[in-house]
Amino acid sequence: MKTSTVIAIVLGVLLSFASVAGAAGYLWSQGSDAPPPAPGLPAVWPGKDGELPRRVPMPSGEMLAALPASSSGHVLCQALSEQRWEAVLGGATLREVRGSVCHLVTGSLDVSLRLDNVPATLRSPQSVTVSGRAAEVESSGTVNARLNVHLVDDAPSGEVHPYLRLDITRYAVTRPGLTLDDLATSIARDVIDATMAPGADLPAQGRDAVIAMRVTEPVPGYGIQDAPWPVVSWQLCTQLARAMGTSPSAAKPRFDGRCTVRTVQAALTDDVTPRAYPDTLAGRPALITDEVVAVKLGQDSSQELAFTGTGRDLKSLAETVLPALLGR
């Protein structure tokens, strides 16, 4: 056999092993105690698909599980102060929101938190309790950990996400006495304590997602922005009933951010198909026609509030209730 042929075969085998080893690096490191190289804090932040967390109101009770997708990552990232995150994670911490995920990095850790309809699939979970709620955690040596917390008993839906999921990758062991299981549990406990302080349970849903009316005043500085779906509905109904001169008992709130009073409906949507907003209402981009008044809640927001119905001047009605609904 020629020497060149032998060299080619050897190189091929070596490249095959290198390829397999490289691919294995992306697998969850079950049983491995060797952390991957620490990347350090990134020089550019937020990342390509991330945004800095914005100021948001904190929910209470079970309302964390009913946050709009565009709000949940911001709430999870802002649940703890910058100083508290650094204390929990053990060093300087950067935060960003990617879609509905809160993503945090330190010089030795990569952490993600999200609300979800299903728990992560764990191989050999250990049952634990986090702030009085059933949870399960699994770690892979000193490298990876995953944790699921069952927040509420309500069935999952487009508006209800019953699980908090947490993922950790550790690149360097900077606190030898702290296991990844304990770190995951500590993070989840602090976030839950901050976002599920004593408060209201999720309301029961009747036919067509109708919920019991509850007079709810706007949250100063926020209004309906980044509020849980039922709280949005209650605020809409409170302001519409007041503006239309009728009793709040005549309002019909729905779990999913809608309210109907007589022949008028106001509805918040969280994932709007892009469309032009040629007008302005209450200082916000708007689309005003005879059939609908749609208002974009913020320049960079995916949330839109739309008024539809008959028997009322929709533009005038929207102008009356918008200041309160925007938290002014």
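What is the mean pLDDT of the protein, and what share of its residues reach 70 or more?

**View 1. Confidence of the predicted model.** The mean pLDDT (the predictor's confidence in each residue, from 0 to 100) is 88, and 87% of the residues reach 70 or more. Residues 1–34 have a pLDDT below 50; beyond near neighbours in sequence, this stretch makes 23 contacts (heavy atoms within 4.5 Å) in the model. This is a predicted model, in which local features need pLDDT of at least 70 and side-chain atom pairs count only at pLDDT 80 or more, whereas totals for chains, interfaces and linings use all residues. Residues are numbered from 1 along each chain as its sequence is written, and side-chain values use heavy atoms, with hydrogens and water left out.

**View 2. The buried side of helix α6 (residues 314–325).** Helices (H or I, at least four residues) and strands (E, at least two) are DSSP runs, numbered from the N terminus. L314, L317, A318, V321, L322 and L325 are the buried residues of α6 (under 20% relative accessible area, 1.4 Å probe, protein chains only). Because they cover an arc of only 125° around the axis (from the directions of the C-beta atoms), they lie on the same side of α6. Their packing partners are α5 (229–243), β10 (264–269), β11 (279–281), β13 (292–296) and β14 (304–309).

**View 3. The ends of α6.** At the N-terminal end, D313 acts as a cap, with a side-chain oxygen 3.2 Å from the backbone nitrogen of K315. Just after α6, G327 adopts a positive phi of about 80°.

Key:
Expected span 1.5 Å × (residues − 1). Buried < 20%, exposed > 50% of the residue type's maximum accessible area, 1.4 Å probe, protein only. Polar contact = N/O pair within 3.5 Å; in protein donor to acceptor, adjacent residues only side chain to side chain.
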